[in-house]
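Biologist: Please take a close look at one small part of this chain, a single loop. Then work outward from that loop, one step at a time, until I can place it in the whole.

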Amino acid sequence: MAKRIQFARTGGSEVLELVDVTPADPASGEVRVRNEAIGLNFIDIYFRTGLYPAPGLPSGLGTEGAGVVDAVGEGVSHLKEGDRVAYAQGPLGAYAEYHVLPAEKVVVLPNSVDAETAAASMLKGLTVQYLLRQTAPLKGGETILWHAAAGGVGSIACQWARALGVKLIGTVSSEEKAKLAKANGAWETIDYTREDVVERVRELTNGEMCDVVYDSVGKDTWITSLDCLKPRSLMVSFGNASGPVEGVNLGILNQKGSLFVTRPSLNGYADTRERLEMMCRDLFDMLGSGKVKVDIGQRFALADAGKAQDALAGRQTTGSTILLP
Ligand SMILES: NC(=O)c1ccc[n+]([C@@H]2O[C@H](COP(=O)([O-])OP(=O)(O)OC[C@H]3O[C@@H](n4cnc5c(N)ncnc54)[C@H](OP(=O)(O)O)[C@@H]3O)[C@@H](O)[C@H]2O)c1
């Protein structure tokens with residue numbers, strides 16, 4: 001038997017239960033991974049609350065982890081038992097000692113990346129990869145606004161932006177988070193609990209505003225984010241930490257300066273094996289070179305997944321959070 005977290009109904013963190021299961025054998029094209037570390041992500045909360053529907057209930061949770069291949073299904077050629085691996089996509093169920101998933105979603109880790117670092121950075125780092133290198137192919141010299149700059153995705157974004165020569169203005173909710181974002185390479189920070197974000201962006205950019213705004217907060221920041229953009233520039237709405245952006249009248253993009261808007265996802269960018277491998281190479285290069293160092297701000301036991309999610313939703317975490325089986 002092995003432990004996994006599951007939920008039989010949507011709701012608060014109390015719906016998460018630790019149960020004993022017999023790990024499934026991998027079917028054709030699948031592998032079973034013995035997790036050494038599991039990544040905690042905001043999307044896990046969207047599934048738990050029902051904002052994103054799980055395919056069925058009861059359901060496992062989580063899509064990110066790292067460990068060792070423990071069993072290999074038929075027809076899998078790029079992985080073998082004992083390989084050190086990581087993944088950031090696939091079926092829900094990573095909050096577990098063992099996870100079975102399609103082999104095409106699993107990549108072998110370079111020696112330079114340990115399991116905890118991988119679990120803390122696969123989903124978040126690949127997200128930063130596509131946001132900074134593909135959604136807006138930044139060249140250096142741009143000014144961008146990034147909400148939640150001291151969070152999991154944000155901490156990686158600050159470092160990656162610095163490496164690209166991009167001026168990242170990060171929003172944060174406290175002095176401690178501001179210090180962290182600055183230490184990670186944010187050019188400037190704005191504490192939105194006591195500063196007017198649009199006015200500060202105007203001051204910092206001498207009235208020019210930003211080339212791209214990256215907004216994962218959603219509902220609460222939508223209008224502010226549009227107001228921080230240069231005419232004809234790009235709004236990237238990639239998350240819903242405060243709730244989803246709904247009921248948008250497209251005319252607002254005209255009023256705010258002929259803006260572009262996109263709502264991307266990791267699955268929409270890492271949608272083929274080739275693209276996943278390309279994005280992983282870029283991420284592992286950044287980690288291997290030391291240009292991006294993954295800050296694991298919190299570690300929780302797998303059994304405490306609910307507490308970990310409450311800390312993430314309650315803005316009490318910084319950097320990445322991992323669960324340890
Ligand atoms: N589309 C994609 O491909 C993709 C992939 C990965 C992640 N994401 C999104 O990226 C965001 C960051 O994910 P993460 O796992 O790294 O989380 P995180 O940034 O570590 O945590 C969320 C942070 O958002 C800020 N926040 C602002 N308003 C909030 C609210 N009402 N409730 C909770 N937090 C609020 C808080 O920072 P402050 O206290 O500084 O405000 C909080 O610490 C999430 O929205 C997630 O859905 C999207």
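Modeller: P58 is found in the loop between α1 and β4. Keep in mind that this is a predicted model. The bond to look at is the peptide bond that joins L57 and P58. That bond is cis, with omega at about -5°. Find it in the view, then follow the chain into β4.

Strand β4 covers residues 59-60. This strand belongs to an open sheet of three strands, in the order β2-β1-β4. The pairing in that sheet is antiparallel. β2 (17-21) and β4 are the edge strands, and each pairs on one side only. Now look at the partner of β4. Strand β1 (residues 2-7) is joined to β4 by two bridges. One pair to find is F7, which stands opposite S59. Another is Q6, whose bridge partner in β4 is G60. Then turn to β2. Five bridges hold β1 and β2 in an antiparallel pairing. Among the residues of β1, I5 has L18 in β2 as its bridge partner.

Go back to the loop and take its other end, α1. Here the domains come in. The chain divides into domain 1 (2-120 + 272-324) and domain 2 (140-263). Their C-alpha centres lie 28 Å apart. Where they touch, domain 1 gives 14 residues and domain 2 gives 13. On the domain 1 side, two elements supply two or more residues each: α1 (42-49) and β16 (320-324). So what kinds of residue make up that side of domain 1? Six are nonpolar, four are polar and four are charged.

Helix α1 has a second role to note, at the ligand. The ligand is surrounded by 29 residues, and the closest are G151, G152, S173, S216 and G239. The elements that give two or more residues to this shell are α1, α2 (115-135), α3 (152-164) and α10 (305-313). By type, the shell holds 14 nonpolar residues, twelve polar and three charged. Both domains take part: each of domain 1 and domain 2 gives the shell at least three residues.

Follow α3 from the ligand and you reach another sheet. This one is open too, with six strands in the order β11-β10-β9-β12-β13-β14. Here the pairing is parallel. β11 (188-191) and β14 (260-262) have a single partner strand each, so one side of each is left without a neighbour in the sheet. From one strand to the next, the twist averages 15°. Helix α3 packs on this sheet and touches β9 (143-146) and β10 (167-172). The direction of α3 makes about 160° with that of β10. A second helix to find is α4 (residues 175-183). Helix α4 lies across β10 and β11, and runs at about 165° to β11.

At the β14 edge, check the pairing by eye. Three bridges join β13 (residues 229-237) to β14, and the two strands run parallel. For L234, the bridge partner in β14 is F260.

One more loop is worth a stop after the cis bond. N206 sits between α5 (197-204) and β12 (210-215). Its phi is positive, about 50°, although N206 is not a glycine.

Last, step back to the record. An unreviewed UniProt entry carries the annotation "domain: Enoyl reductase (ER)" for residues 11-323. Across that range, helix makes up 32% of the chain and strand 25%. The end C-alpha atoms of the range are 20 Å apart.

Now return to P58. On one side of its loop is α1, and on the other is β4. Helix α1 leads you to the contact with domain 2 and to the shell around the ligand. Strand β4 leads you to the edge of the three-strand sheet.

How values were computed. Residues are numbered from 1 along each chain as its sequence is written. This is a predicted model: local features need pLDDT of at least 70, side-chain atom pairs count only at pLDDT 80 or more; totals for chains, interfaces and linings use all residues. Domain bounds come from an automatic or database domain assignment. Two residues are in contact if their C-beta atoms, placed from the backbone, lie within 7 Å. Helices (H or I, at least four residues) and strands (E, at least two) are DSSP runs, numbered from the N terminus. Ala, Val, Leu, Ile, Met, Phe, Trp, Tyr, Cys and Pro count as nonpolar, Asp, Glu, Lys and Arg as charged, and the others, Gly among them, as polar. A residue is near a molecule or strand if its C-beta atom, placed from the backbone, lies within 6 Å of it. Two strands pair if DSSP finds at least two bridges between them. Axes are lines fitted to C-alpha atoms, for helices over the stretch in contact, and angles run from 0 to 180 degrees between N-to-C directions. UniProt positions are given in the numbering used here, feature names are shortened, and annotations may be inferred rather than shown by experiment.
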